[in-house]
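Trainee: Please take me through one helix and its surroundings, residue by residue. I want the cut-offs as well.

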Amino acid sequence: MSASEARTQQSTAGGARATSAERSADGGEQRRPGEARTGQQRPAGGAGATTAEGRRAGAPAGSTQRRVRLSVSRIDPWSVLKLSFLLSVVIGIAVVVAAAALWTVLDAVGVYDSVNNVISDFTGTGGVDVTTYVGFSQVVSAATVLAVVDVVLLTALATLGAVVYNVASALVGGLRVTLTDD
């Protein structure tokens, strides 16, 4: 095997093919993507390499905090749909329970009797009962309908938001986040 064939076989090992930009200026030696040129030293592990003590290479001796910059480039709409559905169901259940508890508390305090007395004093008639219009079953039914609409709308809007985010991140590169460990 000639030296040229050996270099070609070595550069394509592992499926990595060196491009012309990755060839060194001296001698046409080919490198894999991410390899340092001959004579250049890279820290073991890349730009964010850490020492054995857990601090960044080149960081002050008292610093043990590492920083990682990541980019959220895509959000899976299916996982957003599942998660938003479950969360909106929980919110819907909380709305129904809160409406039932609020109605029970208002009834126990006597708010509905007070409203009946105010209406009968204002109109001069004594046959008014506000609980026929806002009874427990009507309030819980309205809260249940509101919860079902909430589940449908929140699930659809969250999924649509994930799709819109994916389109926008394809254009501008996504959301960049810097993570540190404390």
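**Helix α4 and what packs on it**

Mentor: Start with Val 163, which is partly exposed at 38% relative accessibility. That class sits between buried (under 20% relative accessible area) and exposed (over 50%), using a 1.4 Å probe and protein chains only. Val 163 belongs to helix α4. Helices here are DSSP runs of H or I, at least four residues long, strands are runs of E of at least two, and both are numbered from the N terminus. The model is predicted, so local features need pLDDT of at least 70 and side-chain atom pairs pLDDT 80 or more, while totals for chains, interfaces and linings use all residues. Residues are numbered from 1 along each chain as its sequence is written, and side-chain values use heavy atoms, with hydrogens and water left out.

Val 163 has a distant partner in sequence. Ile 75 is 88 residues away along the chain, yet the two C-alpha atoms are 7.8 Å apart.

Next door in sequence is Val 164, also in α4 (residues 136-172). Val 164 joins a nonpolar surface patch with Val 145, Val 149, Leu 153, Leu 157 and Leu 160. Together they offer about 560 Å² of accessible area. Areas come from the Shrake-Rupley method with a 1.4 Å probe; for residues, only the protein chains shown count as cover. Patch members have over 30% relative accessible area and no salt bridge; nonpolar side chains (Val, Leu, Ile, Met, Phe, Trp, Tyr) are joined within 5 Å, like charges within 9 Å. A salt bridge puts a Lys or Arg side-chain nitrogen within 4 Å of an Asp or Glu carboxyl oxygen. An α-helix has 3.6 residues a turn, so residues three or four places apart point the same way.

Now the packing. Buried residues of α2 pack against α4, and against α3 (111-123) too. Helix α2 covers residues 77-109. Its buried residues include Val 80, Ser 84, Ser 88 and Trp 103.

Look closely at Ser 84. Its relative accessible area is 10%, so Ser 84 counts as buried. Setting aside residues up to four places away in sequence, Ser 84 touches Leu 154, Thr 155, Ala 158 and Thr 159. Contact means heavy atoms within 4.5 Å. A polar atom of the Ser 84 side chain also lies 2.8 Å from the backbone oxygen of Val 80.

Definitions and conventions: The expected span of a helix is 1.5 Å times one less than its number of residues. A polar contact is a pair of N or O atoms within 3.5 Å; within protein, one must be able to donate a hydrogen and the other to accept it, and residues adjacent in sequence count only if both atoms are side-chain atoms.
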